[in-house]
Amino acid sequence: MKIKKYQARTFSEALASVKRELGEDAVIISSQDRKGSKPYVEITAAVDFDIEHYDGKSVLPASTASTGDIAELKNEIRTLRECVEAMRNSGCELTLPADRKKMFYFLRERSIRDEYALNLVERAGGIEDLETLISEDISRSRLYDTPYSGVWNMSGRYNMRAVMLIGPTGAGKTTTIAKLASKAVKEGRRTAVIGVDTFKIGAVEQIRIYAKMLGVPLEIVSNAQDLKKSIRKFNDRDILLIDTTGQNPKDDEYIKSLKDIYKMGLPLETQLLLSASSDCDFLIDTYKHYGGLPIDYIAFTKTDEAVKLGSIYNLCRTYRKPVAYITTGQRVPGNIEFIENRKLTNLILRTGSA
Ligand SMILES: Nc1nc2c(ncn2[C@@H]2O[C@H](COP(=O)(O)OP(=O)(O)OP(=O)(O)O)[C@@H](O)[C@H]2O)c(=O)[nH]1
Ligand SMILES: [Mg+2]
């Protein structure tokens, strides 16, 4: 392989030199805009050489290679190593000018996905624009009212708001139900809690303790039919909070059991709880498994444990769902924030835990 750097006034001029010297098979490894009093473009290009030239005795037989040949070879190896290193570290943003690249790294450091970071970099005039752009993107995903702004009244059958929390195991559903119930009670709303599924040992006990502590009625049900009956029974309530037991979302039976609930045509508001401290790819993948369900909101738990919160932005942009709230610790009541865009954006742009 032959690797060489080319400098020219414009990209097309540099490209022409590459083609002239290295031929049509040359590939561009990187290109950069060099600023200064005389701006120029620098391209690093490579081409495969014909192995015969090296393997025969004609060009570079090791025994007869001159000091100059060896130095050139070493130089090429060094350049190649630098290129590979740069490609491994930066991938597609290699061609960005320096100030844009800085912005890109700033976003990447906050776990914002490469494609979204590049898009933000394209739209931003400077780093100071990122806050507004991110905030706008989040607000575009806010398609619904914030929680507790209204009361469900579907077909005149129910006069309550029934909020069901779903999400992977340990996401914080039961704890969050307790926080929401406490808030509702404090606001003077008639509240009840329903626990769906007795699948996990201890799950019922946990919700029972919270319900007792908050003085709200509780029912435990194990299937969609019983849930319907229980919702009917609580139809004098303002707010019904429905806890579900988390299971592996890759388990089709589990997703089917949730789908069965929706088939009952109940007036449910669904909030998908995801732990902000989980890896972003895991969250995107998890959402896909729940994606067939009518999710109204995403809520992010454990933001206190997360070092980076870029995944919140990634999820908002990928799935365009509003963020209902975030939770910020294990304490019940408390440790829940119905956060507005700017503050959420600031959290996304910070690094390090809260
Ligand atoms: N640090 C932190 N821990 C939290 C938060 N919310 C919940 N937890 C903790 O996470 C653990 C799991 O919480 P649960 O509420 O039991 O989670 P779950 O989603 O109901 O779990 P399953 O019912 O097993 O699906 C508990 O130890 C909670 O105290 C939070 O915002 N921050
Ligand atoms: Mg639970």
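A residue counts as exposed if 12 or fewer other C-beta atoms lie within 10 Å of its own, and as buried if 20 or more do, with partly exposed in between. In this predicted model, that rule can be applied to single residues as well as to the chain as a whole.

## The chain as a whole

The chain contains 13 helices and eleven strands. It has 354 residues, and 32% of them count as buried. Among contacts between residues at least 6 apart in sequence, 73% join residues at least 24 apart.

## Three residues and their surroundings

Arginine 320 sits in the loop between α12 and β10. Is arginine 320 buried or exposed? Arginine 320 has 12 C-beta neighbours inside 10 Å, so it counts as exposed. The backbone of arginine 320 also has a phi near 55°, which is a positive value in a residue other than glycine.

Asparagine 335 is not a glycine either, and its phi is positive, at about 50°. This residue belongs to the loop between β10 and β11. Because 19 other C-beta atoms lie within 10 Å, asparagine 335 is partly exposed.

Arginine 161 belongs to strand β4, which covers residues 161-166. Arginine 161 is buried because 23 other C-beta atoms lie within 10 Å. From arginine 161 to threonine 191 the C-alpha to C-alpha distance is 9.6 Å, while 30 residues separate them in sequence.

The loop between β10 (323-327) and β11 (336-337) also holds proline 333. Which kind of peptide bond joins valine 332 and proline 333? The bond is cis, with omega at about -5°.

## Helix pairs

Three pairs of helices are set out below.

| Pair | Axis distance | Angle |
|---|---|---|
| α11 and α12 | 10 Å apart | about 30° |
| α6 and α13 | within 9 Å | roughly 120° |
| α6 and α12 | within 9 Å | roughly 50° |

The first pair is made of α11 (residues 280-290) and α12 (residues 310-319), which pack at an angle of about 30°. Angles under 35 degrees count as roughly parallel, and α11 and α12 are therefore roughly parallel to each other. The crossing of α11 past α12 is right-handed. On the α11 side, the contact is made by Cys280, Leu283, Ile284 and Tyr287, and on the α12 side by Gly310, Ser311, Asn314, Leu315, Thr318 and Tyr319. By class, the residues of this contact are six nonpolar and four polar, with no charged ones.

The second pair joins α6 (residues 130-140) to α13 (residues 341-349), whose axes cross at roughly 120°. The two helices are therefore oblique to each other. Here too the crossing is described as right-handed, with α6 passing α13. In α6, the residues that meet α13 are Leu130, Glu131, Ile134, Ser135, Ile138 and Ser139. Their partners in α13 are Asn341, Arg342, Leu344, Thr345, Ile348 and Leu349. This contact of α6 with α13 has six nonpolar, four polar and two charged residues.

The third pair brings α6 together with α12, and their axes cross at roughly 50°. That angle makes α6 oblique to α12. How is the crossing of α6 past α12 handed, left or right? The crossing is left-handed. Ile134, Asp137 and Ile138 are the α6 residues of this contact, and they meet Tyr313, Cys316 and Arg317 of α12. The contact of α6 with α12 has four nonpolar residues, two charged ones and no polar ones.

Helix α6 thus takes part in a contact with α13 and in one with α12. Ile134 and Ile138 are named in the contact with α13 and again in the contact with α12. Helix α12 in turn meets α11 as well as α6.

## Around ligand 1

How many residues surround ligand 1? The shell has 21 residues, and the closest are Gly172, Thr174, Thr175, Gly246 and Thr327. Helix α7, which runs over residues 173-186, supplies the largest share of the shell, three residues. By class, the shell has 14 polar residues, five charged and two nonpolar.

Key:
Residues numbered from 1 in each chain as written. Chains lettered and ligands numbered in written order. Predicted model: local features only at pLDDT ≥ 70, side-chain atom pairs only at ≥ 80, totals over all residues. Axes fitted to C-alpha atoms, helices over the stretch in contact; angles between N-to-C directions. Helix = DSSP H or I, 4+ residues; strand = E, 2+ residues; numbered from the N terminus. Parallel < 35°, antiparallel > 145°, perpendicular 65-115°, else oblique. Left-handed = near helix turned anticlockwise from the far one by under 90°. Contact = placed C-beta atoms within 7 Å. Nonpolar A, V, L, I, M, F, W, Y, C, P; charged D, E, K, R; others polar. Near = placed C-beta within 6 Å.
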